[in-house]
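These are my notebook entries from a session spent looking up one structure, written so that I can follow each step again later. I kept a plain record of what I looked up and what I found.

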Amino acid sequence: MIVSVDHVQLAAPPGSEDLLRSFYTGVLGMTEIPKPPVLAARGGCWFQAGTVRLHLGIDPGFRPSPKAHPGLRVTGIEACAARLERHGIRVLQDSDLPGHRRFYAWDPVGNRLEFLEPGV
């Protein structure tokens, strides 16, 4: 039986690792975690914040999905949005999920990310 989500895998174009590191560690404050050597040879990078793990894998035919995204639960959603905007990241507010405040943003390669906080 499924008991939890281990990680979410997102795709990225070849050679984008430095952009990803800058965004996921520098902007979002996640920690890069080492990939096993056999997987590190494929490129990409892995990030973690608490129990949330995002794997960014290299895809030579990468095209960002306009709809697919991980939903990242945050605390202090206004501060989170402001931090992204200070770094030049586009934030799109959305009020369509009852009981939540949320917005969407995009990483430097175009992956859509949802940030949400319950309690509205």
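**Entry 1: strand β8 and its partners**

I began with strand β8, residues 112–118, in this predicted model, and I noted that the strand is mostly covered, since six of its seven residues are buried.

Next I asked which strands pair with β8. On one side of my list is β5, residues 71–73, which pairs with β8 in the parallel sense over three bridges, and there R73 stands opposite L116. The other entry is β7, residues 100–106, which pairs with β8 in the antiparallel sense over seven bridges, and here R102 stands opposite L116. I wrote L116 down twice, as it is the residue of β8 that faces R73 in one pairing and R102 in the other.

I then looked at how the chain gets from β7 to β8, and found that the two strands form a hairpin with five residues between them, where G110 in the turn has a positive phi of about 100°.

**Entry 2: a residue in the loop**

I stayed with the stretch between β7 and β8, which is where N111 lies. Is N111 buried or exposed? With a relative accessibility of 7%, N111 falls under the 20% cut-off and therefore counts as buried.

I looked up what surrounds N111 and, leaving aside neighbours within four places in sequence, I found contacts with L10, A11, L56, F62, P64, A105 and W106. I also noted that the side chain of N111 reaches the backbone oxygen of A11 at 2.9 Å. To get a sense of how the chain folds back here, I compared N111 with V8: they are 103 residues apart in sequence, and their C-alpha atoms are 12 Å apart in space.

**Entry 3: E114 and R112 in β8**

E114 is found in strand β8, and I wanted to know whether this residue is buried or exposed. I recorded E114 as buried because its relative accessibility is 8%. What does its side chain touch in the way of polar groups? I found a polar contact between the side chain of E114 and the side chain of R102, at 2.9 Å. Apart from neighbours within four places in sequence, the residues in contact with E114 are H69, P70, G71, L72, L97, R102, F103 and Y104.

I added a note on R112, which lies over the face of Y104, at 3.9 Å from the ring centre.

**Entry 4: aromatic rings**

How many aromatic pairs does the structure hold? I counted three. One of them is formed by F23 and Y24, and it is edge-to-face, with 4.9 Å from centre to centre and 90° between the planes; both F23 and Y24 are buried. The pair of F103 and F115 is stacked, because the ring centres are 4.8 Å apart and the planes meet at 15°, which is under the 30 degrees that stacking requires. I noted that this pair links distant parts of the chain, with F103 in strand β7 and F115 in strand β8, twelve residues apart.

I checked the accessibility of these two rings as well, and F103 counts as buried because its value is 1%, while F115 counts as buried because its value is 2%. I also wrote down that F23, Y24 and F47 form one aromatic cluster.

**Entry 5: the core**

I then turned to the largest nonpolar core, which has 25 residues, and asked which of them have the most contacts inside it. They are L20, Y24, L84, F103 and F115. The elements that give two or more residues to this core are β1 (8–12), α1 (17–27), β3 (45–49), β4 (52–58), α3 (77–86), β7 and β8.

For Y24 I listed the contacts beyond four places in sequence, and these are L10, G29, M30, F47, L54, L56, D107 and L113.

**Entry 6: strand β4 and its partners**

Since L54 was on that list, I finished with its strand, β4. Five bridges join β1 to β4, which run parallel, and in this pairing V8 stands opposite L54. Five bridges also join β3 to β4, which run antiparallel, and there F47 stands opposite L54. My last note is that β3 and β4 form a hairpin with two residues between them, in which G50 in the turn has a positive phi of about 60°.

Note on methods
Residues are numbered from 1 along each chain as its sequence is written. This is a predicted model: local features need pLDDT of at least 70, side-chain atom pairs count only at pLDDT 80 or more; totals for chains, interfaces and linings use all residues. Side-chain values use heavy atoms; hydrogens and water are left out. Buried means under 20% relative accessible area, exposed over 50%, partly exposed in between (1.4 Å probe, protein chains only). Helices (H or I, at least four residues) and strands (E, at least two) are DSSP runs, numbered from the N terminus. Two strands pair if DSSP finds at least two bridges between them. A nonpolar core is a set of buried Ala, Val, Leu, Ile, Met, Phe, Trp, Tyr and Cys residues joined through side-chain atoms within 4.5 Å. Contact means heavy atoms within 4.5 Å. A polar contact is a pair of N or O atoms within 3.5 Å; within protein, one must be able to donate a hydrogen and the other to accept it, and residues adjacent in sequence count only if both atoms are side-chain atoms. Rings of Phe, Tyr and Trp (its six-membered ring) pair if their centres lie within 6.5 Å; planes under 30 degrees apart count as stacked, over 60 as edge-to-face and the rest as tilted. A charge sits over a ring if NZ of Lys or CZ of Arg is within 6 Å of the ring centre and within 35 degrees of the ring normal.
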